[in-house]
Amino acid sequence: MMGMLTRLIAKLFVAALFGLVMSGSVFAHAGEHHSQNCFVDVGDTRLRLSGYQFQPGLENEHFCRVFPELGQIIIAVEPLEEGLENRQIALELLELSSWIDWLSNAEKAFAVIKQQPAKQFGAGLVSIQQTIGQRGVYALRVIMQDDAGHLRHQYFVFLVGVP
């Protein structure tokens, strides 16, 4: 009984922290649900994120922080400024694997479920797709090289399967 109460309190605490962390600097704020104005800053570069699902009725919708259905999702990343065509960018799709680690180190709380190797922006769009079969908290890790040659990364947290 005491163990169940402790777990319930821990889950409530984590849920409260989740709200705080999503608005923090490590997990950048990124616009509204169904919005084409979803952004993430990686170093000094601002990128637009567009999320898509292809279930009936959702084909023409753009998603940001909440993907309402399970199934295939695609997240496309594009630069907002000119001159980044030769810049390398890599994407990783992550799933929250430990609510407990979320309390101490949010980066350790996520497990990689898919990696998109580094490639140049070229035509201006890089994407990652995955079929998600379980409701939960996920993240996109964007890794990009800045003008000085340093690798910068940013996390973008979102929910899948939450109508």
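Is glutamate 78 buried, partly exposed or exposed, and what is its relative accessible area? Glutamate 78 is partly exposed, with a relative accessible area of 27%. This is a predicted model, and its charged side chains make a good place to start looking around.

The structure holds 3 salt bridges. Here they are side by side:

| Acidic residue | Basic residue | N to O distance |
|---|---|---|
| aspartate 41 | arginine 46 | 2.9 Å |
| glutamate 78 | arginine 48 | 3.8 Å |
| glutamate 92 | arginine 141 | 3.8 Å |

Let us begin with aspartate 41, which pairs with arginine 46 through closest N and O atoms 2.9 Å apart. Aspartate 41 is partly exposed at 32% relative accessibility, and arginine 46 is partly exposed too, at 37%.

Back to glutamate 78, whose side chain meets that of arginine 48 in a salt bridge of 3.8 Å, N to O. This pair links distant parts of the chain: glutamate 78 sits in strand S4 (residues 71-79) and arginine 48 in strand S2 (residues 45-53), 30 residues apart. Arginine 48 has a relative accessible area of 22%, so it counts as partly exposed.

The remaining pair joins the side chains of arginine 141 and glutamate 92, at 3.8 Å from N to O. Because arginine 141 belongs to strand S8 (residues 136-145) and glutamate 92 to strand S5 (residues 88-96), the salt bridge ties together parts that are 49 residues apart in sequence. Arginine 141 is partly exposed at 22% relative accessibility. Its partner, glutamate 92, counts as buried at 12%, because buried means under 20% relative accessible area.

Notes:
Residues numbered from 1 in each chain as written. Predicted model: local features only at pLDDT ≥ 70, side-chain atom pairs only at ≥ 80, totals over all residues. Heavy atoms only, no water. Salt bridge = Lys/Arg side-chain N within 4 Å of Asp/Glu carboxyl O. Buried < 20%, exposed > 50% of the residue type's maximum accessible area, 1.4 Å probe, protein only. Helix = DSSP H or I, 4+ residues; strand = E, 2+ residues; numbered from the N terminus.
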